[in-house]
Amino acid sequence: MTSVALQQGRARTGFRESRALLLTALAGLVLLVSLVALGLGATGVPLSRTLSIVTDAAMGRTGALGGDGLIILQVRLPRLLLGLLIGAALASSGALMQGLFRNPLADPGLIGVSAGAALAAATTIVLGDALLVPLIGPLPFTALPIGAFAGGLLTTLALYLVATRSGRTSIATMLLAGVAFGALSGAVMGLFSYLSDDRQLRDLSFWSLGSLSGATWSKTMTVAPFILPTLLATPFLARGLNALALGEAEAFHLGVPVQRVKALAILLVAVAVGASVAAAGMIGFVGIVVPHVLRLLAGADHRMLLPASALLGAALLVAADTVARTMVAPAELPIGILTAAIGAPFFLWLLLRRPGGMAL
Amino acid sequence: MSAFLEATDLTYHSGGRALVDCIDLSFASGSFTIIIGPNGAGKSTLLRLLCGELAPARGAVRWDGEKLHMIPAWRLAHRRAVMPQASDLNFPFTVFEVASLGTQGIGRGLSRSDRQRLALEALEQADVAHLAPRNYQTLSGGERQRVHFARVLAQLAAGRTLETQQALFLDEPIASLDLKHQLALLETTRDLARKGLAVIAVLHDLQLASNLADNLILLHQGRLVTRGTPEAVLTPVTLIEVFGVTLRSNALPTSPWTLATAQEHPAA
């Protein structure tokens, strides 16, 4: 064995430790960002006070809560948790999609879930009053998120069926069908904004820019059962996605049940992104930027990439949300504006530094 | 030795054309078989049918009597490895990580360090150990091909912990290799055949094919023309009829590159 190989062997023995180190550092970042997010806002709360409020509440001592305690426990904490869940869901879905499409520029939206959810939401906003209210009476406030979630899942299912022939899903067909559906949904959205009145128009734009401002405990607790299982299941796809990076035939040669990996990845992304969009509207670019940064930092191995993406995505979205709600306080910027304003130039930079163009 | 891999009435259609047509074949352990034929003869398609990647339209491939598509992918991966023609990667995997893909999830009772050792040994065998920490995307075509050879060797080594009878499929394995590495790769595969593997390769170089293989399979327009020892298959008659080239004498030239221009002659 050559000395280079021996060195490499030693370097590789450290893989597990370096992965643990990176994940620990990212978990620390999540914790840090969370504490800052809890303390910052229209009412500033010092770090020590924030800590004591949270630890007291965690141990069940909620007797002597002041005004700042209420703000933190009833307003900021559910919003923080919702941000963590959605950030993790979007980023790990992005990593899954990029692995599935074998393309570092793929986005969770490619499988139609965002467009479908947005279309269902727009339909509910604009036509809900006219069509549904006469039939079933006043719409409950959950109609919009439920409609969006169902719309996202149904669209993904439809695209999956279009792209699947005799038990094999063509990822390229799914991508193209997704592009076609996105254009169609854009046209219908345009029609709706043309038809809508002022209030509906504001609801529509708010939805399409995304925001965590509606966060409540009940909302967070409704979203968690959808997102948490997908986050826990995602790492099991790591080996399959690593092999899939070589190509579908090569992955099959290596013993990976390719069709099962594809179907499971699409299902996980549809559920996680569908729930995210239903709860917070469309938040772009987290899913592209986070996995890409991590690949630059720590390589392409999905065993590291998938959990690390979830952590960094959670930290990034909470940080962006904290900026969104403090920058123009007491008003709020839609978070989608921030993520797109940071994400789009970054995306262009990625395109420019890729040698030799890109392949799908 | 008896045949363990058998194809019967193997047929595959695409776009209304039979790419592989009614082919019967069998392969014994320890055999080194090379599939030859002009461009578009169905060589790669036949290889992909034999390794289970494609499902035949008619007929079947059987491994010890069991139909290939009834064997789960993970078990098949212990029994056979496939080296593809070319493989692109859009992600910055290191050479070591690519070779390690051959040992991930394959093999029984292997510790993490065992898997690492297998991957490193395979890199040594394919003469790419010095590239181990490099980003695969930055390699040349020939280096990439050697890395995939290492991955395939690692997979066979890991699979050996569960399966005794193995096969290796190679599609144009030396297309972008320099002469030294062409010979080294073919030497390694011949060693594997001597140790009992069935090696089945697609090769364009008739000279190398006739020197290496104990068996040639000659395909033409999806049909099996003939199968047998190189002397029996590579006759002036088949060369004219199938490849459309005329050789001055019956005997193939001895130098390995004399045929280099004839081999790329367009299909008849």
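Phe4(B) has a relative accessibility of 4% and therefore counts as buried. In this predicted model, Phe4(B) belongs to one of the 2 aromatic pairs found in a search of the whole structure, over all chains. Its partner is Trp63(B): the ring centres are 4.9 Å apart and the planes stand at 65°, so the arrangement is edge-to-face. Because Phe4(B) lies in strand β1 (residues 3-14) of chain B and Trp63(B) in strand β4 (residues 58-63) of chain B, the pair ties together parts that are 59 residues apart in sequence. Trp63(B) is likewise buried, since its relative accessibility is 2%.

A ring in chain B also takes part in an arrangement with a charged group. The charged end of Arg227(B) sits over the ring of Phe27(B), at 5.1 Å from the ring centre.

Gln145(B) is part of helix α5 (residues 141-159) of chain B. With a relative accessibility of 4%, Gln145(B) falls under the 20% limit and so counts as buried. Beyond its neighbours within four places in sequence, Gln145(B) is in contact with Met83(B) and Gln85(B), and with Glu172(B), Pro173(B), Ile174(B), Ala175(B), Ser176(B) and Leu177(B).

The model scores are ipTM 0.88 and pTM 0.84. Chain B has a mean pLDDT of 87, with 91% of its residues at 70 or more. Among the elements of this chain, the highest mean pLDDT (95) belongs to strand β7 (residues 167-171) of chain B and the lowest (83) to helix α9 (residues 236-243) of chain B. Residues 255-268 of chain B have pLDDT below 50; this stretch has 24 contacts in the model beyond near neighbours in sequence.

Note on methods:
Residues numbered from 1 in each chain as written. Chains lettered and ligands numbered in written order. Predicted model: local features only at pLDDT ≥ 70, side-chain atom pairs only at ≥ 80, totals over all residues. Heavy atoms only, no water. Helix = DSSP H or I, 4+ residues; strand = E, 2+ residues; numbered from the N terminus. Buried < 20%, exposed > 50% of the residue type's maximum accessible area, 1.4 Å probe, protein only. Contact = heavy atoms within 4.5 Å. pLDDT = per-residue confidence, 0-100. Phe/Tyr/Trp six-rings, centres within 6.5 Å; stacked < 30°, edge-to-face > 60°. Lys NZ or Arg CZ within 6 Å of the ring centre and 35° of its normal.
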